Amino acid sequence: MDISHNTVKLHVRHIMDKLNLRSRVEAAVFAFEYRSSPEGVKTTSEGGQKPKG
């Protein structure tokens with residue numbers, strides 16, 4: 001199965017939008033913090049994400 005580069009970029013953009021992330025750097029930090037927290041993440045009152053705890 002082949003998908004185009006633009007399709008991948010679109011899917012990444014949609015995921016980042018749903019997580020309220022503005023850059024791939026924020027996505028990397030989010031992923032690192034999520035993996036570091038056994039309880040996952042929760043949404044902050046400002047609409048961003050942060051590790052639970």
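Start by selecting Asn20, which sits in the loop between H1 and H2. Helices here are DSSP runs of H or I with at least four residues, strands are runs of E with at least two, and both are numbered from the N terminus. Asn20 has a phi near 60 degrees, a positive value in a residue other than glycine. Most residues other than glycine have a negative phi. Asn20 counts as partly exposed because its relative accessibility is 41%. The classes are: buried under 20% relative accessible area, exposed over 50%, partly exposed in between, with a 1.4 Å probe and protein chains only.

Before moving on, know what you are looking at. This is a predicted model, in which local features need pLDDT of at least 70, side-chain atom pairs count only at pLDDT 80 or more, and totals for chains, interfaces and linings use all residues. Residues are numbered from 1 along each chain as its sequence is written, and side-chain values use heavy atoms, with hydrogens and water left out.

**Whole chain**

Zoom out. The protein has 2 helices and 2 strands, in the order α-α-β-β along the sequence. Colour by pLDDT, the predictor's confidence in each residue from 0 to 100. The average is 81, and 70% of the residues score at least 70. Among the elements, H1 has the highest mean, 95, and strand E2 (residues 49-51) the lowest, 56.

Switch on the surface. About 4,500 Å² is exposed, and carbon and sulfur atoms supply 56% of it. Such areas come from the Shrake-Rupley method with a 1.4 Å probe; for residues, only the protein chains shown count as cover. Of the 53 residues, 11% count as buried. Now show contacts, meaning heavy atoms within 4.5 Å. Of the contacts with a separation of 6 or more, 12% join residues 24 or more positions apart.

**Helix H1**

Select residues 5-18, which make up H1. Pick out Asp17 and Arg13. They form a salt bridge, with the closest N and O atoms 3.0 Å apart. The rule asks for a side-chain nitrogen of Lys or Arg within 4 Å of a carboxyl oxygen of Asp or Glu. Both residues lie in H1, 4 residues apart, about one turn of the helix. Asp17 is partly exposed at 42% relative accessibility, and Arg13 is partly exposed at 35%.

Stay in H1 and click Val8. Val8 is partly exposed, at 37% relative accessibility. Add Met1 and Ile3 to the selection: with Val8 they form a nonpolar surface patch of about 380 Å² accessible area together. Patch residues have over 30% relative accessible area and no salt bridge; like charges are joined within 9 Å, nonpolar side chains (Val, Leu, Ile, Met, Phe, Trp, Tyr) within 5 Å.

**On to helix H2**

How many salt bridges are there by this rule? The count is 2. For another one, select Glu26 and Arg22, whose closest N and O atoms are 3.3 Å apart. Glu26 is partly exposed at 27%, whereas Arg22 is exposed at 70%.

Last stop: the structure's 1 aromatic pair. Select Phe30 and Tyr34, whose ring centres are 6.1 Å apart with planes at 20 degrees, so the pair is stacked. Rings of Phe, Tyr and Trp (its six-membered ring) pair if their centres lie within 6.5 Å; planes under 30 degrees apart are stacked, over 60 edge-to-face, the rest tilted. Phe30 and Tyr34 are 4 residues apart in H2 (residues 24-36), about one helical turn. Buried or exposed, where does Phe30 fall? Phe30 is buried, at 14% relative accessible area. Tyr34 is partly exposed, at 44%.
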